[in-house]
Amino acid sequence: MTRASAIDNAAQYFDTGQFATELSELVAHETESQTQEKAAELPRYLEEALVPRLRSIGFSCAIHPNPVPDAGPILVAERIEDDSSPTILSYGHGDVTRAQTDQWRNGLHPFRLVDDGDRLFGRGTADNKGQHLINLAALSSVIDARGSLGFNIRILVEMGEEMGSPGLSNFCATHKENLAADVLIASDGPRLQSDTPTMFMGSRGGYSFDLIVDLRDGAHHSGNWGGLLADPAMILAQALSTITDVRGQIQIPEWRPTSLTEEIRHALRNLPVGEDGGPKIDEDWGEESLTPAERVFGWNSFAILAMKSGVPEAPVNAISGYAKAACQLRFVVGTDQSGILPALRRHLDARGFEIVNIKPHDRGFFDATRTSPDHPWVSFVARSLEDTSGKQPHILPNLAGSLPNEVFSDVLGLPTVWVPHSYRGCSQHAPNEHVLKSVSRDALRAMAGLFWDIGDLARPL
């Protein structure tokens, strides 16, 4: 009945192959929330893959319909041991992004786990099935070692995160009392470096929208009409070029954050950025006065996700009548989400681009959130991770990507601490998604140690 016993249990779970076996079972569920034909897989994942696993370690479970029609269901599980003990809320999502089956490497399939060296391939291994499986296995390891957790826990698993978490905010507002906790401790996203634990306390927000120039129906011969008809692609390209300068520095004043304080700069100092399985970063891209860590974790970034005019796959000698760019602003705390598109409208109009239409994406946004790096729960989790790994964790004020963290921080009013179990080169949302076995084993040990330490707390922090 020791901390070391719980950690050894978690390591043995991995070493005996049980982790890979159970992850294979989760990956086999084709839970593409972005594909309507797979809608029946979403409740099946909760009913067949998670509920039996949770009930086997003493959780009561309830699957709720989503408040948004046709959106994926939501599972709430809880294990309450003592009302005076700390209560943790955890979170995961069982849906995955589109499979892209024909783009995976030979020998791989998105819904079949493939073991290759230090990698376990399969859709959802990194995002997010592997991550919530690690946390469930770590909880089980503590129960086996102690006979109990020593704290209370509620777990929420949604099936629509890859669709922007429709209905999650309304669900949590309605069930706020049943989701009451002292802190959110959950796992998603990548470590900064695969060999060192990472923590983050929120996420950048994301706002997606289209810029459209629609001038006329159909295309017209470029020889007969060139020089006479305005080219929508040229107009759109010129408009886009005003949003940033040549190195991607944002030119819209309202999009430039004011929240990069000395406290945040200090937290970001000396944090590693780039590579670790990902591409080499471009040092001459982004805000020139900032460090790479400040650019990606403490600043806003604008990206053009896709562009189209005419038929790129088979161009013809014709001037298109239509052009569209799918765009996205990633933004930090301090950026007024409601003012993002009005500021863009003013910016384009002032430069003569009234003809460019702005169309926000349905469910295309997350808000920006951040718990202070000085919060007691942050310090507690950091000490626990260091005790287990022997390394000081990398502590980020917020993830560079986006998560529905505002539901937990703003709607439920919780401090939020995320401990990710993937790495930056995992290919999530892309073909060949995978987790590293070395990171998974390390994460199992770290979370078993953390859950043990929470059980030692006499009262909430």
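## Buried cysteines and a domain interface

C172 counts as buried, at 0% relative accessibility. That's worked out on a predicted model, and so is the rest of what follows.

**Exercise 1.** Work out how many disulfides the structure holds, and why C172 has no such bond.

*Solution.* Start with what we're looking for: a disulfide is a covalent bond between the sulfur atoms of two cysteines. Here, the cut-off for the sulfur pair is 2.5 Å. Now check C172: its closest cysteine sulfur sits in C61, 17 Å away, so that's too far for a bond. Go through the structure and the tally is 0 disulfides. Don't forget C327, another buried cysteine, with a relative accessible area of 0%.

**Exercise 2.** Find the two domains of the protein chain and describe how they meet.

*Solution.* First, the bounds: domain 1 takes in 3-204 + 368-456, while domain 2 covers 205-265 + 288-366. Next, the spacing: their centres, taken over C-alpha atoms, lie 33 Å apart. Then the contacts: 26 residues of domain 1 touch 17 residues of domain 2. Between them they bury about 1700 Å², and carbon and sulfur atoms give 58% of that. On the domain 1 side, R204, A368 and R370 supply 40% of the buried area, more than any other three residues.

**Exercise 3.** Which kinds of polar pairing does the rule find across this interface, salt bridges or polar contacts?

*Solution.* Try salt bridges: the rule finds 0 between domain 1 and domain 2. Now try polar contacts: 8 residue pairs turn up, both partners at pLDDT 80 or more. Finally, sort the domain 1 side by class: 12 nonpolar, 8 polar and 6 charged residues touch domain 2.

Conventions
Residues are numbered from 1 along each chain as its sequence is written. This is a predicted model: local features need pLDDT of at least 70, side-chain atom pairs count only at pLDDT 80 or more; totals for chains, interfaces and linings use all residues. Side-chain values use heavy atoms; hydrogens and water are left out. Domain bounds come from an automatic or database domain assignment. Contact means heavy atoms within 4.5 Å. Buried area is the accessible area (1.4 Å probe) that two parts lose on being put together, summed over both. A salt bridge is a side-chain nitrogen of Lys or Arg within 4 Å of a carboxyl oxygen of Asp or Glu. A polar contact is a pair of N or O atoms within 3.5 Å; within protein, one must be able to donate a hydrogen and the other to accept it, and residues adjacent in sequence count only if both atoms are side-chain atoms. Ala, Val, Leu, Ile, Met, Phe, Trp, Tyr, Cys and Pro count as nonpolar, Asp, Glu, Lys and Arg as charged, and the others, Gly among them, as polar. Buried means under 20% relative accessible area, exposed over 50%, partly exposed in between (1.4 Å probe, protein chains only).
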